[in-house]
Amino acid sequence: MLSLNVSHAALTAVDTPLLAIFCTAATGAPVALPASARSLDDALQGAISRTLARRDFRAGRDETFVLTGPERGIERVMLVGLGKTPASRTAWRRAGAVAARAAAKLGCGALHALATDAAPDQIEGLVAGLALGAWTYTDLRTPAPEAERRQPVSTATLLLADDDAARAAFAFGEALAAGQAVARRLGIMPGNVCTPDTFVETAHGIAERHGNVDVTVLGREQMRAEGMGSFLCVAQGTPEEPRLVAMEYRGGAEGEAPVVLVGKGLCFDTGGISIKPAPEMEWMKYDMSGAGGVMGAMETIARLKLPVNVVGIVGATTNMPSGTAIKPGDVVRASNGKTIEIINTDAEGRLVLADLLVFAKRFSPAVVLDAATLTGAIVFALGHHAVGLFGPDAAVVDEVRAAGERAGEPGWPLPVWDEYREQIKSDVADVRNTGGRPAGSITAALFLQEFVDGYPWVHLDVAGTAYSQSDLGWLPKGPTGTPVATFVEFVRGRAR
Ligand code: BES
Ligand code: MN
Ligand code: ZN
């Protein structure tokens, strides 16, 4: 991960291959030189102010302009546009990511970011953005020959005001970035590299790094003993050991009811016997993004030592067609005793989550949030710009929506009315695992609700938002880190 540092040095004393300066666009007028950059502009004989006066750089969103500086000191200056919108946390996040990606293209290895005038919210955004933009996954690539290699951005130093608010904002941004890196790494790893045991290792890694998380791991045998016939029927098509991983973080008062985060961890989803079409099936490696989001959030929360009790639960397996796989028409029994008729083996995420939601109850949760790449239908409903939010309790759904908005991961509620329940009634069992085409994301949520008992609950469908299938400019093609920031912001809200 990007190594992040803080400096309080005066600009005139800074040595860096690249200094990023963030500017707000002005309508019909040249961009104003940020006050904090005046001394630098003087040292560069007015090169920055001339660039602005000529309107070579207008500080539009995602716009960058690089000026070559002197031999030593600040070797290059990059002007980065924040756009016209009030310089919000998300605008700074985006500009930070753009700066880091542009620095990576230059191959200069390190950068400084000028944020002495930035508000705490903006610093949080900037730090997270720099890390988002600098993030790479190169484990499986042969490195290019030395002479052709551009140095990846490995360090970013923020020039900050010397005060506690700035320091706290930096620490938060850094912790969030660490969590998002955990989630994105898991998300991009292919299904033969990220296996259920990878979640066990990741949980142990978090516990070792921070020393404040207890990890419990269940395999096939223990799940059988718990009566988790729903989770296990998904895992019965693979010889790989399925894993239920629970991480208990106790940062709050003893006995205080925890926030429980639950994640779908399908390391790969072929669809099983109801097999998916071949084109684009490779994307289904990201079907563990809910679980990745839980892991990432636990990393951030444990790192920040937030004063809240939080439990993270993930269910990891692989959905495979095989001689032992579950078949359409089969009936299984979940750990709350309910029977489920399997109509489509590709509706497997909800089967895994069913037993996780029953399992969650033993922690006497204050609230349970689950995240899952649950339905393709959510892409039809909301596209790639919003997380689908579901739950019977409008106030908690709105609490998650507000957290997501602050986090820059907007979500939008869809109804879970009783009328839709008709679609998941079974001829032979208590419930069936699919409700047909209409309102596919809603019937999936209603299926989950059958296993929610006695605690407030919100379901997040992240199938449209956890992985970007194109380069977004500020973010590369690949895992986005969603829903880590939403989970963290929600928990942080509960800590206040
Ligand atoms: N993992 C998929 C959902 C998905 C689809 C995520 C596309 C990301 C992109 C899920 O397990 C699934 O297959 N859902 C089915 C449900 C259907 C069989 C009722 C779907 O969405 O088609
Ligand atoms: Mn599926
Ligand atoms: Zn799936």
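**View 1. Helix α5 packs against helix α14 in this predicted model**. Here α5 covers residues 164-188 and α14 covers residues 484-495. Their axes lie 9 Å apart and meet at an angle of about 135°. That angle makes α5 oblique to α14. If you are wondering about handedness, α5 passes α14 in a right-handed crossing.

**View 2. Residues from α5 and α14 make the contact**. On the α5 side, look for F172, L176, G179, Q180 and A183. Facing them from α14 are V484, A485, V488, E489 and R492. Sorted by class, the residues of this contact comprise 6 nonpolar, 2 polar and 2 charged.

**View 3. The largest pocket holds about 1100 Å³ of space**. A good place to start is its centre: of the 35 lining residues, K276, D346, T375, G376 and A377 are the closest to that point. Zooming out from there, four elements are worth finding, β9 (259-269), α10 (349-360), α11 (377-382) and α13 (440-449), since each gives two or more residues to the lining.

**View 4. Helix α11 gives the most to the lining of the largest pocket**. Its share is 3 residues. What classes of residue make up the lining of the largest pocket? There are 13 nonpolar and 13 polar residues, together with 9 charged ones. Among the residues closest to the centre, K276 and D346 are handy landmarks for finding your way around this view.

Key
Residues numbered from 1 in each chain as written. Chains lettered and ligands numbered in written order. Predicted model: local features only at pLDDT ≥ 70, side-chain atom pairs only at ≥ 80, totals over all residues. Heavy atoms only, no water. 1 Å grid on protein atoms, 1.4 Å probe; cavity = no way out; pocket = protein on both sides within 12 Å on 5 of 7 lines; lining within 4 Å. Points joined across faces, edges and corners; volume = space filled by probe spheres on them. Nonpolar A, V, L, I, M, F, W, Y, C, P; charged D, E, K, R; others polar. Axes fitted to C-alpha atoms, helices over the stretch in contact; angles between N-to-C directions. Parallel < 35°, antiparallel > 145°, perpendicular 65-115°, else oblique. Left-handed = near helix turned anticlockwise from the far one by under 90°. Contact = heavy atoms within 4.5 Å.
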